[in-house]
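Open the model in your viewer and show the backbone as a cartoon. The stops below follow the chain from one end to the other.

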Amino acid sequence: MGDELFAIVIILTLAGLGMLFYLLPPIRAALKRKLEGGTAPDPRQEELLESLHARVLELEERVDFTERLLAQEREQARLPEPAAD
């Protein structure tokens, strides 16, 4: 029984090493691409990013406008009432 277990362990070890050497080149190439900045960006992703950027700019403008309105209302509330003659 001990010899059979030893043979199975050796076979599994050799199979694992074989898989490692089989998969190592694609893994190494993928890591190299990742470290060098990856592949060219997908045009759909670029369009999505541009769309999101435009939307964020639009929302920033709306927030600025709302802040100005609120500040204007606060200033008007602080001003003293004109004296009635």
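Helices here are DSSP runs of H or I with at least four residues, strands are runs of E with at least two, and both are numbered from the N terminus. The model is predicted, and local features need pLDDT of at least 70, side-chain atom pairs count only at pLDDT 80 or more, while totals for chains, interfaces and linings use all residues. Residues are numbered from 1 along each chain as its sequence is written, and side-chain values use heavy atoms, with hydrogens and water left out.

**Whole chain**

Start with the whole protein chain selected: it has two helices and zero strands. Along its principal axes the C-alpha trace spans about 115 × 35 × 20 Å. The radius of gyration of the protein chain is 34 Å, against near 12 Å for a compact globule of 85 residues. That radius is taken over C-alpha atoms, and the globule rule is 2.2 Å times the number of residues to the power 0.38.

Now colour by accessibility. What share of the 85 residues counts as buried? The share is 0%, where buried means under 20% relative accessible area, exposed over 50%, and partly exposed in between (1.4 Å probe, protein chains only).

**Helix H1**

Select residues 2-35, which form helix H1. Its 34 residues should span 50 Å at 1.5 Å a residue, and the end C-alpha atoms are 46 Å apart, so the two values agree. The expected span is 1.5 Å times one less than the number of residues.

Within H1, pick Leu-5. Leu-5 counts as exposed because its relative accessibility is 53%. Draw a line from the C-alpha atom of Leu-5 to that of Arg-62: the two residues are 57 apart along the chain and separated by 72 Å.

Move on to Leu-24, where H1 bends by about 40 degrees, with the proline Pro-25 following within four residues. The bend is the angle between axes fitted to the seven residues ending at a residue and the seven starting there.

**After H1**

Gly-37 comes just after H1 and takes a positive phi of about 115 degrees. Next select Asp-42, in the loop between H1 and helix H2 (43-78). Asp-42 has a relative accessible area of 25%, so this residue is partly exposed. From Asp-42 to Glu-60 the C-alpha distance is 27 Å, across 18 residues in sequence.

**Helix H2**

Finish at Ser-51, which lies in helix H2. Ser-51 counts as partly exposed because its relative accessibility is 46%. Its C-alpha atom is 30 Å from that of Ala-71, 20 residues apart in sequence.
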